[in-house]
Amino acid sequence: MARSYKTEAVVLRSFRLGEADRVLHLYTRALGRVGAVAKGVRKTKSRFGARLEPFSHVELVLHQGSGELHTVTGASLVEPHRPTREDRYRLSVGLVGAEAMLRLFVEQEENERAFEAVTRFLAAADAIPAGLRGRPALDPLALGFQLKLLWLSGYLPHLDACVECGEAGELVGYLPSAGGAVCAACAPSETVALSPEGFRGVRALLLSPLADAHALVRRRHDQVPWEEAEFGEILARIMLPHGEGRSVLRGPALSVGERATNSLALLFYELATNAAKYGSLSVTQGAIEIEWDADEKDVRLQWREAGGPITKPPERQGYGAKLVNGAVQQLGGKVEYDWRPEGLIARLRLSIASLTQ
Ligand SMILES: [Zn+2]
């Protein structure tokens with residue numbers, strides 16, 4: 001069934017086909033991974049001009065025929081990301097990111113958050129200082145982006161205990177094939193060695209906005225690492241990018257252990273992202289009230305959205321909801337959603353024993 005559709009897309013890779021055509025590996029907002037052919041793109045008078053260069057963020061009209069490759073019939077630039085192409089170090093970081101997208105997102109399947117992540121990654125790559133040297137594969141932005149992609153594609157890296165034996169003792173490295181940290185007894189030769197400092201860095205990258213990755217590494221000797229953060233402070237840090245004063249936090253001070261910080265931050269990052277997309281943070285007048293209380297066993301927290309559009313339960317469980325459930329489970333708790341027309345209320349119970357780990 002032939003049809004034409006319009007979508008935003010990022011060009012991840014491009015190679016020649018014959019004399020004048022190019023095959024493009026695209027990540028589209030509408031359909032995720034799409035392969036497309038752009039005809040006549042290498043002619044001097046091409047109607048696409050330089051709009052289909054790698055890393056370009058474009059709006060395309062694509063024609064889907066009977067073949068596997070779609071055909072580009074129209075293209076306009078949204079953001080060329082020229083700085084990423086024009087500096088050698090930035091270019092290498094961009095290629096690491098594009099490669100990770102190609103490897104992790106192979107299906108034609110919509111993933112709006114992955115699309116947003118790759119555009120934010122390229123904006124952050126544009127902003128890397130010019131003329132840096134070093135190994136781009138170890139660049140904090142490249143590393144942070146890959147971790148976020150793992151998370152968005154459902155492979156949340158396990159960093160809290162050995163993925164092989166489950167022991168929470170000393171972890172010596174990261175095993176990419178198993179998607180997690182390993183202890184000395186289980187570490188095969190392909191383990192990427194990581195110091196305790198390295199693990200802290202990886203956790204911090206996973207929890208921070210991509211645009212902060214470079215600054216984060218420069219600040220790594222700060223006196224207030226995530227690991228020593230307190231419950232309300234972790235929430236405040238996550239809510240802050242959504243606008244000062246848009247969320248009200250009320251509850252007693254609680255200490256959170258280094259291991260639990262990860263799950264707690266992911267949990268609230270997901271809830272906040274959801275609110276920003278569909279809930280009360282999607283409109284300027286909306287707000288969120290977060291209240292918690294604790295006894296010696298549990299923390300009970302209520303997340304109440306107000307002032308947003310009329311909400312209804314989602315039709316299917318997305319990545320976000322799965323991540324929330326996973327994080328809540330790791331915190332020994334439960335979550336219940338009450339989808340009221342005036343705004344979502346989420347009620348959470350988290351175990352103090354898990355939170356202090
Ligand atoms: Zn082990």
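## Helix pair H2 and H3

Two residues are in contact if their C-beta atoms, placed from the backbone, lie within 7 Å. In this predicted model, that criterion links two helices. Arg90, Val93, Gly94, Gly97 and Met101 of H2 meet Val118, Phe121, Leu122 and Ala125 of H3. Sorted by class, the contact of H2 with H3 holds six nonpolar residues, two polar and one charged.

Helix H2 covers residues 88-104 and helix H3 covers residues 112-126. Their axes lie 10 Å apart and pack at an angle of about 170 degrees. Angles over 145 degrees count as roughly antiparallel, so H2 is roughly antiparallel to H3.

## Five-stranded sheet

One sheet is open and has five strands. Their order is E9-E10-E11-E13-E12, and the pairing is mixed. Strand E9 (247-250) and strand E12 (334-340) form the edges, each pairing on one side only. On average, neighbouring strands of this sheet are turned by 10 degrees against each other, direction ignored.

At the E9 edge, the partner is strand E10, residues 287-294. E9 and E10 pair in the parallel sense over four bridges. Leu249 stands opposite Ile290 in E10.

## Whole chain

The protein chain has 10 helices and 13 strands. It contains 357 residues, and buried residues make up 35% of them.

Consider contacts between residues at least 6 apart in sequence. Of these, 58% join residues at least 24 apart.

Technical notes:
Residues are numbered from 1 along each chain as its sequence is written. This is a predicted model: local features need pLDDT of at least 70, side-chain atom pairs count only at pLDDT 80 or more; totals for chains, interfaces and linings use all residues. Two strands pair if DSSP finds at least two bridges between them. Helices (H or I, at least four residues) and strands (E, at least two) are DSSP runs, numbered from the N terminus. Axes are lines fitted to C-alpha atoms, for helices over the stretch in contact, and angles run from 0 to 180 degrees between N-to-C directions. A residue is buried if 20 or more other C-beta atoms lie within 10 Å of its own, exposed if 12 or fewer, and partly exposed in between; C-beta atoms are placed from the backbone. Angles under 35 degrees count as roughly parallel, over 145 as roughly antiparallel, 65 to 115 as roughly perpendicular and the rest as oblique. Ala, Val, Leu, Ile, Met, Phe, Trp, Tyr, Cys and Pro count as nonpolar, Asp, Glu, Lys and Arg as charged, and the others, Gly among them, as polar.
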